[in-house]
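Welcome! Here are some exercises to work through at your own pace, each followed by a solution in small steps. Keep the sequence and the structure open beside you.

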Amino acid sequence: MENYTVDEYALCARFKSKKRKKRLAKEDFEKQLIQLRKSEKELWLKRKNLPLVPLENPYQKGWQRNFILREDIARSNEASFYSTLLEKINTWQFSSEKSFKRKKKRKRRNVYVEKIQTVKEFSEWEWRSSKLELTEKEKAHFYKRERWCSNFKRYKIHYVFNEPWRYVLRVSPYMITHTKMVDSDLESEIQLLDNYIVNLNLRCKINRLVDGFSHHWSYYQNENPREISPIKNKSLNILYQQYIDEMI
């Protein structure tokens, strides 16, 4: 009788070799990680789809600003057309101050300037998209404009509304009238699953497996205070003064 190795005997006897057992265990573990991501997304979706509950006592949280039809345009024969167009290109801004001013540094001094707000502009990709809701008549009220984009270091094409004077800005209180319903059982399930993933350090493995890359650990949790650099966010003058104080 011939002498067989362990792997050859396992192959002839249809037993699983050590290498195959290890591979199957790894594949089973990866399937469990994928299932964890699916379960997590399902729970997040359930929380997102929870209905809104009206508040007994609505309260104001800052101010909001959006466009409305100018009074003379609202009384004209084309009011319905421009009102429908406004629903598609209107924009909103929110601020804690009614003046809608932001802090800006000029000549080493902080000054407050008003925020710029315009109706929606469309990029070249949005303009050519089949999902664009504008009609041909509405498209005729836009013109093509090239603007320098500092992020991409090149000129980019935008389609801008050519009659912005037909709309004026309106500032109104931003009232909170509803709140998201809270499901204690659902929150408990989400927290249990998150604790399981965090305690076993599975987050990076799941991201690499599903997304192909892993987010930095600070993407999910706050910065660890034990690892904060003692010279972080300190100017050279302060560091030099601390050095002089230590030397004294």
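## Exercise 1: The sheet

Strands β5 and β7 run antiparallel and are joined by two bridges. Keep in mind throughout that this is a predicted model.

**Task.** Find the order of the strands in the open sheet of three strands, and work out which strands stand at the edges.

**Solution.**
- Step 1. Start from the pair above: within it, Phe122 stands opposite Tyr159 in β7.
- Step 2. Look for another pairing of β7. Eight bridges join β6 to β7, and these two strands are antiparallel as well. One place to see this is Tyr143, whose bridge partner in β7 is Val160.
- Step 3. Put the pairs together: the order is β5-β7-β6, with antiparallel pairing.
- Step 4. Now the edges. β5 (122–123) and β6 (142–149) each have a single partner strand, so one side of each is left without a neighbour in the sheet.
- Step 5. Finally, follow the chain from β6 to β7. The two form a hairpin with four residues between them, and Lys153 in the turn has a positive phi of about 60°.

## Exercise 2: The cores

**Task.** Identify the residues that touch the most other members of the largest nonpolar core, and say which element gives the most to this core.

**Solution.**
- Step 1. The largest nonpolar core has 18 residues, and those touching the most other members are Ile89, Phe122, Phe142, Phe161 and Tyr167.
- Step 2. Sort the core by element: β1 (52–69), α4 (79–89) and β7 (154–161) are the elements that give two or more residues. With five residues, α4 gives the most.
- Step 3. Zoom in on Phe122. Leaving out residues up to four places away in sequence, Phe122 touches Ile89, Trp127, Leu132, Leu134, Phe142, Ile157, His158 and Tyr159.
- Step 4. Look elsewhere for another core. There is a second, separate core of ten residues, including Leu43, Leu50, Leu186 and Ile197.

## Exercise 3: One helix

**Task.** List the buried residues of helix α8, and explain why they line one face of the helix.

**Solution.**
- Step 1. Helix α8 covers residues 203–210, and its buried residues are Arg203, Ile206 and Asn207.
- Step 2. Look down the axis of α8: these buried residues fall within an arc of 100°, so they line one face of the helix.
- Step 3. Recall a general rule: an α-helix has 3.6 residues a turn, so residues three or four places apart point the same way.
- Step 4. Ask what lies over the buried residues of α8. The cover includes α2 (18–48) and α7 (184–199).
- Step 5. Follow the chain onward: just after α8, Gly212 takes a positive phi of about 90°.

## Exercise 4: Two buried strand residues

**Task.** Describe the surroundings of Ser95 and of Ile176.

**Solution.**
- Step 1. Place Ser95: this residue lies in strand β2 (residues 92–95). Ser95 counts as buried because its relative accessibility is 10%, where buried means under 20%.
- Step 2. Follow the side chain of Ser95, which reaches the backbone nitrogen of Glu97 at 3.1 Å. Not counting residues up to four places away in sequence, Ser95 touches Gly62, Trp63, Phe100 and Lys115.
- Step 3. Place Ile176, which is in strand β8 (residues 167–180). Ile176 is buried, with a relative accessible area of 15%.
- Step 4. Neighbours within four places in sequence aside, Ile176 is in contact with Leu55, Pro58, Tyr59 and Lys61.
- Step 5. Compare sequence and space for one of these. Ile176 and Lys61 are 115 residues apart along the chain, while their C-alpha atoms are separated by 6.7 Å.

## Exercise 5: Cysteines and totals

**Task.** Is Cys149 buried or exposed? How many disulfides does the structure hold?

**Solution.**
- Step 1. At 16% relative accessibility, Cys149 counts as buried.
- Step 2. Cys204, at 31%, counts as partly exposed.
- Step 3. The structure holds zero disulfides.
- Step 4. Now step back to the whole protein: its secondary structure comes to nine helices and eight strands, and 22% of its 248 residues are buried.
- Step 5. Of the contacts between residues at least 6 apart in sequence, 65% join residues at least 24 apart.

Technical notes:
Residues are numbered from 1 along each chain as its sequence is written. This is a predicted model: local features need pLDDT of at least 70, side-chain atom pairs count only at pLDDT 80 or more; totals for chains, interfaces and linings use all residues. Side-chain values use heavy atoms; hydrogens and water are left out. Buried means under 20% relative accessible area, exposed over 50%, partly exposed in between (1.4 Å probe, protein chains only). The arc is that of the directions from the helix axis to the C-beta atoms. Contact means heavy atoms within 4.5 Å. A nonpolar core is a set of buried Ala, Val, Leu, Ile, Met, Phe, Trp, Tyr and Cys residues joined through side-chain atoms within 4.5 Å. A polar contact is a pair of N or O atoms within 3.5 Å; within protein, one must be able to donate a hydrogen and the other to accept it, and residues adjacent in sequence count only if both atoms are side-chain atoms. A disulfide is a pair of cysteine sulfur atoms within 2.5 Å. Two strands pair if DSSP finds at least two bridges between them.
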